[in-house]
Amino acid sequence: AGTEVVRTGAYGISEPVGQLLADYRSIDLASFPASPSQHHNRLGRGKGYYDRLLPQLPAYKIGLCFHFQLLDGPLPTEPTDIPMDEILTDQGTF
């Protein structure tokens with residue numbers, strides 16, 4: 001006991017055990033799964049997890065996806081949506 005590194009959390013997903021990271025300013029680079037547009041906006045899944053995190057995170061933000069997932073036109077956005085600084089695909093960056 002006491003050596004547990006992960007535990008089963010919400011939605012049955014393994015989550016790390018330990019002190020929560022509270023100093024988002026200490027993060028320099030962050031990557032996020034994305035179904036993005038070439039305009040650097042990302043299409044979320046409607047739960048708002050990243051919408052709550054991204055405004056607190058001053059790090060350089062990279063959206064990750066396969067090239068075929070990259071959408072040509074702009075996505076519908078709201079004033080609270082935070083665009084990625086860069087989009088990285090298996091065929092290059094945008």
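**Nonpolar core and second largest pocket of the predicted chain**

The largest nonpolar core comprises 9 residues, namely Ala-30, Phe-32, Leu-54, Leu-57, Ala-59, Cys-65, Leu-70, Met-84 and Ile-87; such a core is a set of buried Ala, Val, Leu, Ile, Met, Phe, Trp, Tyr and Cys residues joined through side-chain atoms within 4.5 Å, where buried denotes under 20% relative accessible area (1.4 Å probe, protein chains only). The model is predicted: local features need pLDDT of at least 70, side-chain atom pairs count only at pLDDT 80 or more, and totals for chains, interfaces and linings use all residues. Residues are numbered from 1 along each chain as its sequence is written, and side-chain values use heavy atoms, with hydrogens and water left out.

Leu-57, a member of this core, is in contact (heavy atoms within 4.5 Å) with Tyr-24, Ile-27, Ala-30 and Phe-32, when neighbours within four places in sequence are set aside. Across the chain, 67% of the contacts with a separation of 6 or more are accounted for by residues 24 or more positions apart. Of the 94 residues, 22% are buried.

The chain contains 1 helix and 6 strands (DSSP runs of H or I, at least four residues, and of E, at least two, respectively), arranged from the N terminus as β-β-β-α-β-β-β.

The lining of the second largest pocket (residues with an atom within 4 Å of a point of an open set on a 1 Å grid, where a 1.4 Å probe fits, with protein on both sides within 12 Å along at least five of seven lines) includes Tyr-11, Glu-15, Pro-16 and Tyr-49. Strand 2 (residues 14-16) contributes the most to this lining, with 3 residues.

Terms used
Buried means under 20% relative accessible area, exposed over 50%, partly exposed in between (1.4 Å probe, protein chains only).
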